[in-house]
Amino acid sequence: MERKEISKAVISRLPRYYRYLGELIEEGVERISSNELSARMKVTASQIRQDLNNFGGFGQQGYGYNVKYLYSEIARILGIDQQHNLIIIGAGNLGQAIANYTNFERRGFVIKGMFDINPKLIGLVIRGIEVRSVDDLEHFIRENEIQIAALTIPKTKAPEIAQRLVNAGIKAIWNFAHTDLVVPEGVVVENVHLSESLMRLSYRVCSMYDQEPEKIK
Ligand code: NAI
């Protein structure tokens with residue numbers, strides 16, 4: 001299927017549409033107008049129409065959007081209508097928290113294995129997922145059709161592991177280590193930094209009250 005170039009801003013909004021549409025399905029709503037969706041999502045109806053028009057527009061004048069159809073089309077666009085096999089490198093606090101979160105599987109992200117260097121963690125089974133030695137990394141990736149690797153290791157170790165992942169054929173890195181990875185073309189990195197999100201929150205609360213945080217009561 002031909003894929004039209006879609007702006008990053010639109011792509012970044014799609015998961016939110018997907019979440020709202022999922023809730024509508026649960027409520028038994030079959031169709032919704034851009035105005036109703038706008039009221040729920042607190043974005044303008046014209047933004048919704050513009051965003052969804054990127055994909056040929058799923059709405060019909062006077063009918064609105066078919067919720068199930070839109071939901072499944074967004075899933076297809078995001079590629080979450082198919083299974084993605086995932087591994088986690090670093091079975092510490094964060095790695096284990098991700099492994100324990102069951103909802104990723106509902107979205108098609110199946111955690112196949114975890115890897116660590118700590119002998120105390122190797123052999124541990126977390127929600128049915130075995131922690132293996134990082135020595136087995138390349139072999140495991142090839143044998144299990146792994147597409148995505150989550151990096152939850154210290155930042156000093158991340159570049160070397162990222163290089164090994166790329167050499168083993170990994171095309172997507174979900175990077176939690178606080179470092180910017182350099183990867184070749186054809187490999188994508190999605191950085192997730194909770195502290196950056198907190199800093200943005202700090203900026204917003206400080207600028208809203210136009211004062212330093214300790215003065216905010
Ligand atoms: P942790 O110390 O509990 O876990 C790190 C694990 O990585 C340990 O089990 C360690 O043995 C393992 N490890 C170290 N080198 C390795 C290697 N070469 N190969 C495989 N495993 C290796 O730390 P925690 O709290 O789980 O944090 C992990 C990383 O994620 C840290 O770099 C931390 O700064 C970062 N972090 C990022 C967040 C974010 O929002 N992006 C939030 C919290 C932590």
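These are my notebook entries on the largest pocket, the domains and the ligand in this structure.

**Entry 1: what I'm looking at.** The model is predicted, so I'm treating every value here as computed from it.

**Entry 2: domains.** I pulled up the domain assignment first. It splits the protein into domain 1, 8-78, and domain 2, 84-196. I then looked up the spacing: the C-alpha centres of domain 1 and domain 2 are 32 Å apart.

**Entry 3: largest pocket.** The volume of the largest pocket comes out at about 2100 Å³. I count 41 residues in its lining, and those nearest the centre are Ile11, Pro15, Leu78, Phe109 and Glu190. Next I went through the elements that supply two or more lining residues. On the helix side they are helix 1 (8-26), helix 4 (67-78), helix 6 (103-106) and helix 9 (194-209). The strands are strand 4 (84-89), strand 5 (109-116), strand 9 (172-175) and strand 10 (188-191). Which element gives the most to the lining? That's helix 1, with seven residues.

**Entry 4: where the pocket sits.** Why does the largest pocket lie between domain 1 and domain 2? Both domains give residues to the lining, so the pocket lies between them.

**Entry 5: chemistry of the lining.** I sorted the lining residues of the largest pocket by type and got 21 nonpolar, nine polar and eleven charged.

**Entry 6: ligand shell.** On to the ligand, which has 21 residues around it. Leu94, Asp116, Phe176, Val192 and Leu194 come nearest. By type, the shell holds eleven nonpolar, seven polar and three charged residues.

**Entry 7: backbone contacts to the ligand.** I checked the backbone for polar contacts and noted three residues.

- Asn93: a backbone N or O atom is 2.9 Å from a ligand oxygen atom.
- Leu94: a polar backbone atom sits 2.7 Å from an oxygen atom of the ligand, and Leu94 is also among the residues that come nearest to the ligand.
- Phe176: here the ligand partner is a nitrogen atom, 2.9 Å from a polar backbone atom. Phe176 is on the list of nearest residues too.

Last lookup was cover. On its own the ligand has 850 Å² of accessible area, and the protein covers 76% of that.

Key
Residues are numbered from 1 along each chain as its sequence is written. This is a predicted model: local features need pLDDT of at least 70, side-chain atom pairs count only at pLDDT 80 or more; totals for chains, interfaces and linings use all residues. Side-chain values use heavy atoms; hydrogens and water are left out. On a 1 Å grid over the protein atoms alone, a cavity is a set of points where a 1.4 Å probe fits but cannot get out, and a pocket is an open set with protein on both sides within 12 Å along at least five of seven lines; lining residues have an atom within 4 Å of a point. Grid points are joined across faces, edges and corners, and a volume is the space filled by probe spheres set on the points. Helices (H or I, at least four residues) and strands (E, at least two) are DSSP runs, numbered from the N terminus. Ala, Val, Leu, Ile, Met, Phe, Trp, Tyr, Cys and Pro count as nonpolar, Asp, Glu, Lys and Arg as charged, and the others, Gly among them, as polar. Domain bounds come from an automatic or database domain assignment. A residue is near a molecule or strand if one of its heavy atoms lies within 4 Å of it. A polar contact is a pair of N or O atoms within 3.5 Å; within protein, one must be able to donate a hydrogen and the other to accept it, and residues adjacent in sequence count only if both atoms are side-chain atoms. Accessible areas come from the Shrake-Rupley method with a 1.4 Å probe; for residues, only the protein chains shown count as cover.
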